[in-house]
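Okay, everyone, thanks for coming. I'd like to walk you through one protein chain today, so have a look at the picture first.

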Amino acid sequence: MTMKLLVLGAGGYIGRNLIPVLAQHADFSVTAVTSQPIAPGSPGVATVCTSLEDLPFRLAGDHDLVLNLASAGVAHKDEDDLRVLSDNLAIAHHVCRFAECTRRRLLVHFGSDTEQSSLSAYLPSAEGMSLPASLVQQPTSLYSLSKTMQSTLIRYFTAKSQFRAHVVMTPNVYGGLDQPYSLMGAMRSAIVAGQPFTVQTPAIVKRFVHISAFSSYVVGVLQDLSSRFDHSEATPRFAVSSMDFVPRTTVGAFARHQWLLLGGAASELRGFQAD
């Protein structure tokens, strides 16, 4: 049976790359929700252009699962800090309300890879809203903090409102339509312009996954949820998964490898640290 997906935040980088993949699968029927106009989508994908706040909850009632890609983004100035935190919490609250209204009461949400060290906070036996100690005791970005708060809020509402949520800890996705300001996008622009490129944070360790592998993983998660959960099941569930097949590497080592694959000259890539 076809699973009807309500995809929130479909106009972002992941959405623009993931939705065409989902549309190719007969298992899924996709409604893409975006707050900004986007280019014509894949055949068979219904697009709703509106803000999350203006989207009627009744729309979720025609779908089996909410796939949340919406995020408030990153703070670029200190005065944006409170807005980013409050906006991400508001998004999580709206997303939970939509999940409650779906036919199968299911939610798939994308968390930040920086939450990986705090997975113990999301055990089903743990309830409440406290932030993981492993996160607050070490330096972290405001965006990472807000993403962890989103997942914590979703865990809380899962138990409170009796729906099921699956949080995917997402590495840095690249390939396809890379944003101009992203690492891969800036590298591509430098190569096209014939300019050298400097890696600003070469020693930081991250995980990078190509959009094709990321999309395959998400499709597998959705197919698994579709086959395992009966819409009449009332037991709330909160599950967390991570793409364990994605290795960790320094940003510098990854940049050097990708730069050479893209056709850039080794002498024009600066600031990397070879492993």
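I'll start with the whole chain, then go through the sheet, the helices and a few smaller pieces.

One thing up front: this is a predicted model. The chain has 275 residues, and 45% of them count as buried. Its secondary structure comes to 7 helices and 12 strands. Now, take the contacts between residues at least 6 apart in sequence: 77% of those join residues at least 24 apart.

Okay, the sheet. In what order do the strands of the open sheet sit? Reading across, we get β3-β2-β1-β4-β5-β6-β10, so to speak a row of 7 strands, and the pairing is parallel. At the edges are β3, residues 46-49, and β10, residues 237-242, and each of those pairs on one side only. As you step from one strand to the next, the twist averages 20°.

Let's zoom in on β1, which is residues 3-8. Of its 6 residues, 5 are buried, so the strand is largely enclosed by the rest of the structure. Its parallel pairing with β2, residues 28-34, runs over 6 bridges. If you want one pair to find on screen, look for leucine 5, whose bridge partner in β2 is valine 30. Then β2 also pairs with β3, again in the parallel sense, this time over 4 bridges. There, threonine 34 has cysteine 49 in β3 as its bridge partner.

Now the helices. A quick general point: we describe two packed helices by the angle between their axes and the distance between the axes.

So, α2 and α4. That's residues 81-101 for α2 and residues 142-161 for α4, and their axes come within 9 Å and cross at roughly 30°. That angle makes α2 roughly parallel to α4, because angles under 35 degrees count as roughly parallel. The crossing is a right-handed one. Who actually meets whom? On the α2 side we have residues including Val84, Leu85, Leu89, Ile91 and His93, and on the α4 side residues including Leu145, Met149, Leu153, Ile154 and Phe157. What kinds of residues make up the contact of α2 with α4? They divide into 12 nonpolar, 5 polar and 2 charged.

And α4 has another neighbour to look at, the sheet. This helix lies across β5 (106-112), β6 (164-170) and β10, and runs at about 155° to β5.

Next pair: α1, residues 13-23, and α6. Their axes come within 10 Å and cross at roughly 60°. That makes α1 oblique to α6. The crossing here is right-handed. From α1, the contact is made by Ile14, Asn17, Leu18, Val21 and Leu22, and from α6 by Ile211, Phe214, Ser215, Val218, Val219 and Leu222. By class, that's 9 nonpolar, 2 polar and no charged residues. If you're wondering about the spacing of those numbers, an α-helix has 3.6 residues a turn, so residues three or four places apart point the same way.

While we're on α6, which covers residues 211-228, let me point out serine 226, which is found in that helix. How far is serine 226 from leucine 106? In sequence they're 120 residues apart, and in space 9.5 Å, C-alpha to C-alpha. Leaving out residues up to four places away in sequence, serine 226 touches Met3 and Arg104.

Over to α5, residues 183-193. Which residues of α5 are buried? They're Met184, Gly185, Met187 and Ala190. Their cover includes β7 (172-174), β8 (197-198) and α7 (251-261). Following α5 is glycine 194, whose phi is positive, near 70°.

Last stop: some strand pairings we haven't talked about. β7 is joined by 3 bridges to β9, residues 205-210, and the two run parallel. Look for asparagine 172, which stands opposite phenylalanine 208 in β9. β9 also pairs with β11, residues 248-250, but in the antiparallel sense, over 3 bridges. For that one, check valine 205, whose bridge partner in β11 is threonine 250.

To take one picture home with you, hold on to the open sheet of 7 strands with its parallel pairing, and to α4 lying across β5, β6 and β10. That's all from me, thanks!

Note on methods:
Residues numbered from 1 in each chain as written. Predicted model: local features only at pLDDT ≥ 70, side-chain atom pairs only at ≥ 80, totals over all residues. Heavy atoms only, no water. Axes fitted to C-alpha atoms, helices over the stretch in contact; angles between N-to-C directions. Parallel < 35°, antiparallel > 145°, perpendicular 65-115°, else oblique. Left-handed = near helix turned anticlockwise from the far one by under 90°. Contact = heavy atoms within 4.5 Å. Nonpolar A, V, L, I, M, F, W, Y, C, P; charged D, E, K, R; others polar. Buried < 20%, exposed > 50% of the residue type's maximum accessible area, 1.4 Å probe, protein only. Pairing = 2+ DSSP bridges.
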